[in-house]
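Visitor: I should like to learn how to read a structural model feature by feature. Could we begin with a single residue and work outward?

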Protein chains: 2
Amino acid sequence: MIVTILSGGVGGARFVRGVREHLYRVAPDGNGGTTADIRVVVNTSDDMWLAGLRITPDLDSIMYTLAGANDEVRGWGRLGESERVSAELAAYGVGWPWFTLGDLDLGTHIARSSMLRDGLTLSEVVARITARWQLDVALIPMTDDEVETHVVVEGGTEMHFQEWWTKHRAKLPAQDFVQHGIESAVASPAALAAIADADVILIAPSNPVVSIGTILAVPGIREALADAEAKIVGVSPIISGAVVRGMADACLTAIGVETTATAVALHYGAREEGGLLDGWLVDEQDAASQPRIESARITASAVPLWMRDLDTSAQLAADALGLADSL
Amino acid sequence: MIVTILSGGVGGARFVRGVREHLYRVAPDGNGGTTADIRVVVNTSDDMWLAGLRITPDLDSIMYTLAGANDEVRGWGRLGESERVSAELAAYGVGWPWFTLGDLDLGTHIARSSMLRDGLTLSEVVARITARWQLDVALIPMTDDEVETHVVVEGGTEMHFQEWWTKHRAKLPAQDFVQHGIESAVASPAALAAIADADVILIAPSNPVVSIGTILAVPGIREALADAEAKIVGVSPIISGAVVRGMADACLTAIGVETTATAVALHYGAREEGGLLDGWLVDEQDAASQPRIESARITASAVPLWMRDLDTSAQLAADALGLADSL
């Protein structure tokens with residue numbers, strides 16, 4: 001069974017780990033792995049060049065989480081991280097002082113940048129980098145081209161998404177998001193194959209605007225999703241009118257979408273009306289939203305969405321796959 | 001007074017530190033510095049791109065030594081160094097496992113590489129990087145162009161100097177040294193000015209072949225030295241038939257020069273016969289070689305050459321400057 005997931009970073013990473021855990025349990029391969037083929041199409045529009053290094057935050061969040069090498073307490077980056085190199089860079093006035101580059105993380109960035117400069121595509125680089133970690137999950141960049149999300153704030157000032165997100169904590173009201181390079185970006189062949197070949201497609205509870213929205217904006221991805229034989233089930237990143245993690249509300253507000261599970265579902269749209277979704281999981285607290293969502297021709301189901309630990313994440317994956325199976 | 005020194009890495013670094021210390025003492029500026037203008041033209045042909053980073057071993061050895069940030073015990077690199085990033089790179093199969101990139105050192109490499117990619121010349125980069133350390137010494141790359149020393153070993157196999165030096169500890173008999181890029185390299189303007197403007201020029205006890213020899217091979221440098229008004233005094237890197245540090249003997253043997261203070265002096269040649277040297281310092285143990293050297297029209301003086309500490313290094317600098325002054 002091929003399970004394809006569209007995902008952003010930290011929130012999506014937990015979901016992907018839950019999917020893997022569920023499949024370890026229900027489709028074990030007898031060697032601690034799974035017979036299922038899990039593929040994740042990952043947003044790369046938060047990527048950037050910083051101090052001459054290519055940083056890929058969403059790919060790394062998923063990789064480290066699946067590798068068990070992530071810092072659960074801090075919520076991002078590597079476990080046992082240190083910042084000796086960063087202190088040196090700051091002393092030389094290089095980089096962004098507000099954007100932490102951990103030592104262990106820098107190892108990944110240097111390796112990746114070196115491979116990119118050797119002429120490998122990002123897809124090839126990700127395959128090499130992830131090989132170290134034995135993830136049982138294929139990570140696939142949405143595109144091998146460089147796409148960069150910039151944020152337009154009051155006064156028309158434009159800044160890199162990371163500056164808005166990390167330095168300003170998304171507190172400067174965003175007026176618009178601009179994905180530089182998106183029009184000419186080519187969907188990675190592996191991403192298109194993952195969508196076309198999938199038995200089921202899941203949309204992780206990631207930022208609907210700058211993560212999932214950007215993946216959908218890569219030319220060819222929407223068409224591939226429309227043509228896919230698999231059912232497409234999404235998981236709401238909103239519970240009871242609030243974001244589960246991150247600052248997606250600031251992004252939704254900027255594009256005129258309410259921060260509710262219903263509004264995000266309607267924003268994605270029903271597949272049979274040219275939108276994305278066949279099914280949509282909302283939290284039990286949002287069970288009352290089901291009729292409104294279903295009136296828009298999206299099958300809705302209310303289940304516990306909080307991923308507190310591996311078990312609750314795996315159960316959420318089971319629910320998502322169960323909903324897809326029922327359609 | 002402008003004191004210009006031609007230097008390689010570790011051995012040269014100690015000598016440069018001695019020169020600075022001597023000038024702190026005899027030409028103090030009242031603020032802990034010196035009124036003298038010390039400029040070091042540094043070999044850059046051991047430089048290389050590794051894992052997408054530009055590494056400049058000789059420039060860094062001098063910088064760290066003058067900054068007091070060098071590891072005296074190990075003999076190279078930064079004091080208090082760690083290797084967390086290197087371990088990650090090794091896990092990804094990137095870089096040379098036998099070439100250590102310390103975490104603190106990597107901060108310098110990343111900063112430098114970032115500036116180079118921003119379009120700065122190496123001279124500009126070195127000025128920015130060294131500004132942090134308040135060296136009281138100007139470090140000047142011999143050229144802003146990329147020159148790479150390769151070593152030809154038995155069977156005609158060619159390898160980067162670092163591979164021969166660091167991986168093979170110079171134990172593979174060298175047949176030849178090839179400086180890739182040297183013919184088209186342009187001497188850095190600051191190097192030419194440092195030579196032309198100097199009141200005295202010193203040749204550090206660095207490797208006569210791959211350090212000093214390569215500086216001399218940069219088009220324009222020999223002509224500038226010939227035209228310089230200053231006297232040129234060199235310090236022998238050989239004491240009693242053995243190298244003081246490093247593996248210069250393996251390099252000298254490859255080019256057919258004996259490992260003696262006399263042979264190196266004759267290899268450099270007398271300035272008045274189209275060579276490099278007006279004066280040459282040998283160790284007291286090699287006092288008997290003076291007549292032979294002087295017969296070649298190079299004024300020789302025998303003094304203690306061992307730089308055991310700052311005081312002996314400063315005394316050696318005083319002796320070198322004294323010899324130049326006497327010519």
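**From one residue to a sheet**

Guide: Ala51(B) has a relative accessible area of 12%, so it is buried. Buried here means under 20% relative accessible area, exposed means over 50%, and partly exposed lies in between (1.4 Å probe, protein chains only). The model is a predicted one, in which local features need pLDDT of at least 70 and side-chain atom pairs count only at pLDDT 80 or more, while totals for chains, interfaces and linings use all residues; side-chain values use heavy atoms, leaving out hydrogens and water. Residues are numbered from 1 along each chain as its sequence is written, with chains lettered from A and ligands numbered from 1 in the order in which they are written.

Visitor: What is the sign of phi at Ala51(B), which is not a glycine?

Guide: The phi of Ala51(B) is positive, at about 55 degrees. Ala51(B) sits in the loop between strand 3 (48-50) and strand 4 (53-55) of chain B. Such helices (H or I, at least four residues) and strands (E, at least two) are DSSP runs, numbered from the N terminus. Asp136(A), likewise not a glycine, has a positive phi of about 65 degrees and lies in the loop between helix 5 and strand 5 of chain A. With 39% relative accessibility, Asp136(A) is partly exposed.

Visitor: Which residues of helix 5 (residues 122-131) of chain A are buried?

Guide: They are Leu122(A), Ser123(A), Val125(A), Val126(A), Ile129(A) and Thr130(A). Viewed down the axis of helix 5 of chain A, these residues fall within an arc of 155 degrees, so they line one face of the helix. The arc is taken from the directions that lead from the helix axis to the C-beta atoms. The cover over this face includes helix 2 (57-67), helix 4 (103-117) and strand 5 (138-141) of chain A, together with helix 3 (84-92) of chain B. Such cover is a matter of contact, meaning heavy atoms within 4.5 Å.

Visitor: How many residues of helix 2 (residues 57-67) of chain B are buried?

Guide: The count is 10 of its 11 residues, and helix 2 of chain B is thus mostly covered. Among them are Pro57(B), Asp58(B), Ile62(B), Met63(B) and Tyr64(B). Gly68(B) follows helix 2 of chain B and has a positive phi, near 70 degrees.

Visitor: How should one read the pairing of strand 6 (residues 148-153) of chain B?

Guide: In general, strands of a sheet pair through backbone hydrogen bonds, either parallel or antiparallel. Two strands are taken to pair if DSSP finds at least two bridges between them. Strand 6 of chain B is joined by 6 bridges to strand 8 (residues 174-180) of chain B, and the two run antiparallel; Thr149(B) has Gln179(B) as its bridge partner in strand 8. A further 3 bridges, also antiparallel, join strand 6 of chain B to strand 7 (residues 158-160) of chain B, where Glu158(B) is the bridge partner of Val152(B). Strands 6 and 7 of chain B form a hairpin with 4 residues between them, and Gly155(B) in the turn has a positive phi of about 85 degrees. Because 5 of its 6 residues are buried, strand 6 of chain B is largely enclosed by the rest of the structure.

Visitor: In what order do the 7 strands of the open sheet in chain B lie?

Guide: The order is 5-2-1-9-10-13-14, with parallel pairing. Strand 5 (138-141) and strand 14 (299-303) of chain B are the edge strands, each pairing on one side only. From one strand to the next, the twist averages 25 degrees. Strand 13 (residues 279-283) and strand 14 of chain B share 5 bridges, and Leu281(B) stands opposite Ser301(B) in strand 14 of chain B.

Visitor: At what angle do helix 1 (residues 10-26) and helix 13 (residues 310-326) of chain B cross?

Guide: Their axes come within 7 Å and cross at roughly 80 degrees, which means that helix 1 of chain B is roughly perpendicular to helix 13 of chain B. Angles under 35 degrees count as roughly parallel, over 145 as roughly antiparallel, 65 to 115 as roughly perpendicular and the rest as oblique. Axes are lines fitted to C-alpha atoms, for helices over the stretch in contact, with angles from 0 to 180 degrees between N-to-C directions. This contact has 10 nonpolar, 3 polar and 5 charged residues. Ala, Val, Leu, Ile, Met, Phe, Trp, Tyr, Cys and Pro count as nonpolar, Asp, Glu, Lys and Arg as charged, and the others, Gly among them, as polar. Helix 1 of chain B also lies across strands 1 (2-7), 2 (37-42), 9 (200-203) and 10 (231-235) of chain B, running at about 165 degrees to strand 1.
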